Amino acid sequence: MSAFAPRPVDGKELMDHLEFLAKRVLETGGAEAERAFRDALRHVSDPAVLRVLAGKFYAEPEASVPTYERLLELMPKDVLTRVEFGFIYFLMGEDGEARRQLGMAQALDPEHVQVLTLEAALARESAEKVRLYRCILQKEPLNEIARGKLRELGETP
């Protein structure tokens, strides 16, 4: 092994490093920190590591967006990753990008419960939301999100 070869990094060390870089992005907001974080993400090829990182920083788009982008580079046909990414944009108020992610998720599996959930969140008409949440309950009768949203809309689950 060459003296200049990178030494192997175990999973915990890698996760600690990624978390450190993500927190730096959040604290500084600087281009250098963002560049270092994105560069580190490019070297991660294990989707499981990226999923954990995405979960830890889900509500922090500065860290979660680049993490989901990398996840989708590795697994472009993963419906759940596509929907989660869409929800991040929805939570950021960027409905156009959320709809774009929804469209790609629908192309993969239009009847997937998570796809329907994002579709309902983005629906503009109450009647359409109700229809989608009822469709979800047909697939998963105990789905608490659909039940709660129907109650919010004044409908009986």
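This briefing describes how the two domains of a predicted protein model are arranged and where they meet. Residues are numbered from 1 along each chain as its sequence is written. In this predicted model, local features need pLDDT of at least 70, side-chain atom pairs count only at pLDDT 80 or more, and totals for chains, interfaces and linings use all residues, while side-chain values use heavy atoms, with hydrogens and water left out.

**Confidence**
- The protein chain has an average pLDDT (the predictor's confidence in each residue, from 0 to 100) of 92, and 94% of the residues score at least 70.
- Residues 1–8 have a pLDDT below 50, and beyond near neighbours in sequence this stretch makes three contacts (heavy atoms within 4.5 Å) in the model.
- Where pLDDT is low, the predicted coordinates should not be read in detail.

**Domains**
- The domain assignment, which is automatic or taken from a database, divides the protein chain into domain 1 (1–75) and domain 2 (85–157).
- The C-alpha centres of domain 1 and domain 2 are 29 Å apart, and seven residues from domain 1 and seven residues from domain 2 take part in the contact.

**The interface**
- Domain 1 and domain 2 bury about 570 Å² between them (accessible area, 1.4 Å probe, lost on being put together and summed over both), with 81% of it on carbon and sulfur atoms.
- Of the area that domain 1 buries against domain 2, 63% comes from Tyr58, Val65 and Tyr68, more than from any other three residues.
- Between domain 1 and domain 2 there are zero salt bridges (a side-chain nitrogen of Lys or Arg within 4 Å of a carboxyl oxygen of Asp or Glu).

Notes:
Buried area = accessible area lost by both parts, 1.4 Å probe.
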